Amino acid sequence: MRRIATIIGTTGVGKSQLGVELCKALKGQVINADSMQVYKGLDVITNKMPLHERQGIQHHLMDFLDPEEEYQVGQFKEDATECIGKLCDDQKLLPVIVGGTNYYIQSLLWHNMLIKKEQEIQRSPSPSPENDLSTKPFNNSEEELDNLETKELYDRLEKVDSIMANRWHPSDRRKILRSLQVYYQTGRPQSEIIKEQQEHHDTHGIQSRFSSLIFWLYADPSKLNPRLDDRVDKMIETGLFDEIKSLRKRVMDGNVQLPGQDIEKYQRGLWQAIGYKEFDPYFTALEANDQSEQGLEKIKKECTERMKSATRRYAKRQVQWIRNKLIPTVNKSKDVNIYLLDATDLDAWDNNVRQKAIDIATAFQEDKPLPEPTSLGSLAASMLSPSSTTMDSQTRALTWQKHTCHICRTNTGDPLVLHGDLEWKQHTSSRAHRKGLKRRNNDIERVKRMKNDNDVDNDDTTTNITSPISTTPS
């Protein structure tokens, strides 16, 4: 089985640096697994490592795609697998996978993680009636689906796959669209395919495609977040605006077309890169030329803060994915080991990150015993220990629940619907919900007091009416 090393972690934590250091120490080459860094140019907005910092280490699957193209996860898996084969078999080098696009990495490391396309499987007959256009496969489903409103997409998904419709938020167009595409490509509900995958994993285990060593670079958010904010400021200083202007000009000139409609155009391809959407209000105002210099500066500051917030949220989601999806998969599979390296203190990088990674990877290459992952410190022991509440991704998809809060209401007066346990937990701990709960409890107590007061009044009245009248003669 071929051996590979993989470096994961949040944005801005130092993955690219460790990738270069590992390759220099162990004779390897980097394979990029960041879905944004596959695009040509645009080095600032996609956070590519500058050439001089790569120290001559070759980077594969980077800087080759035009902005209007999309690089699907299946394409990445095929290209990366081919690249791994060449490095391992022909050049006897260690492939080092580096990137933050977690589903790219998951699809590469394990078998049976992707839903096969129509031409790769025997298509089941569609269960939909001929006259029901909501479930009937389209002749050109991709184009026709793109032209539908999100609500109509969601209504269709509810009819063909109610489980996945329950899983997604009604406004999450990208995920709704993906579930519908799976149905139209395969003739089967996505939930049915996920259940099949789960049963296969339960019976045969999760099978790895390589003997893999994963390094998870982790930094405490209290230290990481200021670094992320500083990086946004540096991106602005080093050409972010020039790249956004260039992209917007290509769109306006018709040379590049944004995918999808409304918010979806920022959820696919290059346009997902943090920064493009966040600075749209600023460049729209700049192009309209209807704002004062002071007004433009105010919008620019707001957009900058929006980009910083989006970057911090993205880092948080990356950690959640690793803990909730990747680690449970590692724990169920053989030939894959994951080690957490503490990148919180950059001054201690050489001891806490670089040297530990090199020592473990050297033992891995030489087929020597590896240390227990939880032995690398209290942080590793805490973050890598399986949680009793953690579920694998298939179970989570099939058991996802919506929650209805009858205390809080929407703008239209309907009960508020929360999507998933996490959203429900966040809502029930929110200030607005607590205030609503307190208000309801106060109302209940008020009604109880009023009822008690009425009961007392009724008792007094009853006593007066039924009191015996004296019949003693005067």
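The legends below accompany close-up views of a predicted model.

**Figure 1. Overview of the predicted protein model.** The chain of 474 residues has 45% of its residues counted as buried, and its secondary structure consists of 17 helices and eight strands. Among the contacts with a separation of 6 or more, 73% are made by residues that lie 24 or more positions apart. The protein exposes about 25900 Å², and carbon and sulfur atoms supply 47% of that area.

**Figure 2. The open sheet of six strands.** The strands follow the order 3-2-4-1-5-6, and the pairing in this open sheet is parallel. Strand 3 (59–60) and strand 6 (336–342) are the edge strands, each of which pairs on one side only. At one edge, strand 2 (residues 28–32) and strand 3 run in the parallel sense and pair over two bridges. Within this view, I31 stands opposite H60 of strand 3.

**Figure 3. Helix 1 and the residue that comes after it.** Helix 1 (residues 15–26) has 12 residues, and because 1.5 Å is expected for each residue, the helix should span 16 Å; the end C-alpha atoms are indeed 16 Å apart, in agreement with that expectation. The residues of helix 1 that are buried are K15, L18, G19, V20, E21, L22, C23 and L26. Just after the helix comes K27, which takes a positive phi of about 60 degrees.

**Figure 4. The surroundings of A361 in helix 13.** A361 lies in helix 13 (residues 349–365). With a relative accessible area of 1%, A361 falls under the 20% cut-off and is therefore buried. When its neighbours within four places in sequence are left aside, A361 is in contact with L22, L26, L213 and F215; of these partners, L22 and L26 are themselves buried residues of helix 1. The C-alpha atom of A361 is also separated by 9.5 Å from that of I4, although the two residues are 357 residues apart along the chain.

**Figure 5. The charged end of R3 over the ring of F364.** In this view the charged end of R3 sits over the ring of F364, at 5.3 Å from the centre of that ring.

**Figure 6. D172 in a loop between two helices.** D172 has its place in the loop that joins helix 6 (162–167) and helix 7 (173–186). Is this loop residue buried or exposed? D172 is buried, because its relative accessible area of 19% is under the cut-off of 20%. The C-alpha atoms of D172 and K151 are separated by 9.8 Å, and these two residues are 21 residues apart along the chain.

**Figure 7. Helix 9 and the helices against which it packs.** Helix 9 (residues 221–237) contains 17 residues and reaches 24 Å from its first C-alpha to its last, which is close to the 24 Å expected at 1.5 Å a residue. Its buried residues are L224, R227, L228, D229, V232, M235 and I236, and these buried residues pack against helix 10 (240–252) and helix 12 (293–331). Helix 9 is followed by G239, for which phi is positive, near 120 degrees.

**Figure 8. Aromatic pairs and a cluster of rings.** A pair of aromatic rings is described by the distance of the centres and the angle of the planes. The protein has 13 aromatic pairs. One of them joins W216 and Y218 in an edge-to-face arrangement, with 5.8 Å centre to centre and 80 degrees between the planes; W216 and Y218 are both buried. Another edge-to-face pair is formed by F279 and Y282, with 6.5 Å centre to centre and 80 degrees between the planes, and here too both residues are buried. Elsewhere, ring pairs link F64, Y71, F76, Y103 and Y104 into a cluster.

**Figure 9. The hairpin of strand 7 and strand 8.** Strand 7 (residues 402–409) and strand 8 (residues 415–419) pair in the antiparallel sense, over five bridges. R409 stands opposite P415, a residue of strand 8. Five residues lie between the strands of this hairpin, and within it G413 takes a positive phi near 90 degrees.

How values were computed:
Residues are numbered from 1 along each chain as its sequence is written. This is a predicted model: local features need pLDDT of at least 70, side-chain atom pairs count only at pLDDT 80 or more; totals for chains, interfaces and linings use all residues. Side-chain values use heavy atoms; hydrogens and water are left out. Helices (H or I, at least four residues) and strands (E, at least two) are DSSP runs, numbered from the N terminus. Buried means under 20% relative accessible area, exposed over 50%, partly exposed in between (1.4 Å probe, protein chains only). Contact means heavy atoms within 4.5 Å. Accessible areas come from the Shrake-Rupley method with a 1.4 Å probe; for residues, only the protein chains shown count as cover. Rings of Phe, Tyr and Trp (its six-membered ring) pair if their centres lie within 6.5 Å; planes under 30 degrees apart count as stacked, over 60 as edge-to-face and the rest as tilted. A charge sits over a ring if NZ of Lys or CZ of Arg is within 6 Å of the ring centre and within 35 degrees of the ring normal. The expected span of a helix is 1.5 Å times one less than its number of residues. Two strands pair if DSSP finds at least two bridges between them.
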